[in-house]
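Q: Please take a close look at one part of this protein and then place that part in the whole. A plain account with the terms explained will do.

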Amino acid sequence: MKHIAILVPQGAVLGSIEGPRLVFSEVNALLRRLDKPPLFDIQLVGLTSETPVCGGLYSVYTPT
């Protein structure tokens, strides 16, 4: 399994985080439907456990 870490910088555009996460998640979902193991372990990574994005309109929570 490949480990994918998506960096969540403060003030990021939400689509720049969600887009790649969705692509890797959809590949895993397709593989599961084909009775195969997931290929990616996806993790959001930030400097803090809560990172404001989109000018503070949203927050992304990452495990500490």
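How many residues lie between β3 and β4 in the hairpin that they form, and which residue in the turn has a positive phi?

A: The hairpin of β3 and β4 has four residues between its strands, and the residue with a positive phi in the turn is cysteine 54, at about 55 degrees. Before the details, a word on the source: this is a predicted model, in which local features need pLDDT of at least 70, side-chain atom pairs count only at pLDDT 80 or more, and totals for chains, interfaces and linings use all residues. Residues are numbered from 1 along each chain as its sequence is written, and side-chain values use heavy atoms, with hydrogens and water left out.

The two strands of the hairpin are β3, residues 50–53, and β4, residues 58–61; they run antiparallel and are joined by four bridges. Strands here are DSSP runs of E with at least two residues, helices are runs of H or I with at least four, and both are numbered from the N terminus. Two strands pair if DSSP finds at least two bridges between them. Within this pairing, valine 53 stands opposite tyrosine 58 of β4.

Cysteine 54 belongs to the loop between β3 and β4. Its phi is positive although cysteine 54 is not a glycine. Cysteine 54 counts as partly exposed because its relative accessible area is 25%. The scale is as follows: buried means under 20% relative accessible area, exposed means over 50%, and partly exposed lies in between (1.4 Å probe, protein chains only).

Back in strand β3, valine 53 is buried, since its relative accessibility is 0%. Leaving aside neighbours within four places in sequence, valine 53 is in contact (heavy atoms within 4.5 Å) with Val8, Pro9, Gly11, Ala12, Leu14, Ile17, Tyr58 and Val60. For one of these partners a C-alpha separation is also available: valine 53 and valine 8 are 45 residues apart along the chain, yet their C-alpha atoms are separated by 8.3 Å.

Threonine 51 sits in β3 too. Threonine 51 counts as buried because its relative accessibility is 3%. Its contacts, again without the neighbours within four places in sequence, are Val8, Pro9, Gln10, Gly46, Tyr58, Ser59 and Val60.

The hairpin also takes part in the nonpolar core. A nonpolar core is a set of buried Ala, Val, Leu, Ile, Met, Phe, Trp, Tyr and Cys residues joined through side-chain atoms within 4.5 Å. The largest one has eight residues, Ile4, Ile6, Val8, Ala12, Ile17, Phe40, Val53 and Val60. Another member of that core, phenylalanine 40, touches Met1, Lys2, Ile4, Phe24, Val27 and Asn28, not counting residues up to four places away in sequence.

Next comes the rest of the chain. The protein has one helix and four strands, in the order β-α-β-β-β from the N terminus on. Strand β1 (residues 2–7) and strand β2 (residues 40–45) pair in the parallel sense over six bridges. In that pair, glutamine 43 of β2 is the bridge partner of alanine 5. Together with helix α1, residues 14–33, these two strands make a right-handed β-α-β unit. Right-handed means that, with the strands pointing away from the viewer, the path from the first strand over the helix to the second runs clockwise.

Asparagine 28 is found in helix α1 and counts as buried because its relative accessibility is 4%. A polar atom of its side chain lies 2.9 Å from the backbone nitrogen of leucine 39. Aspartate 35 lies in the loop between α1 and β2. Aspartate 35 is exposed because its relative accessible area is 74%. Like cysteine 54, with its positive phi, aspartate 35 has a positive phi without being glycine, near 60 degrees.

Last, some values for the whole protein. Of its 64 residues, 19% count as buried. Among contacts between residues at least 6 apart in sequence, 54% join residues at least 24 apart. The average pLDDT, the predictor's confidence in each residue from 0 to 100, is 90, and 98% of the residues score at least 70. Among the elements, the hairpin strand β4 has the lowest mean pLDDT, 83, and α1 has the highest, 95.

Notes: Polar contact = N/O pair within 3.5 Å; in protein donor to acceptor, adjacent residues only side chain to side chain.
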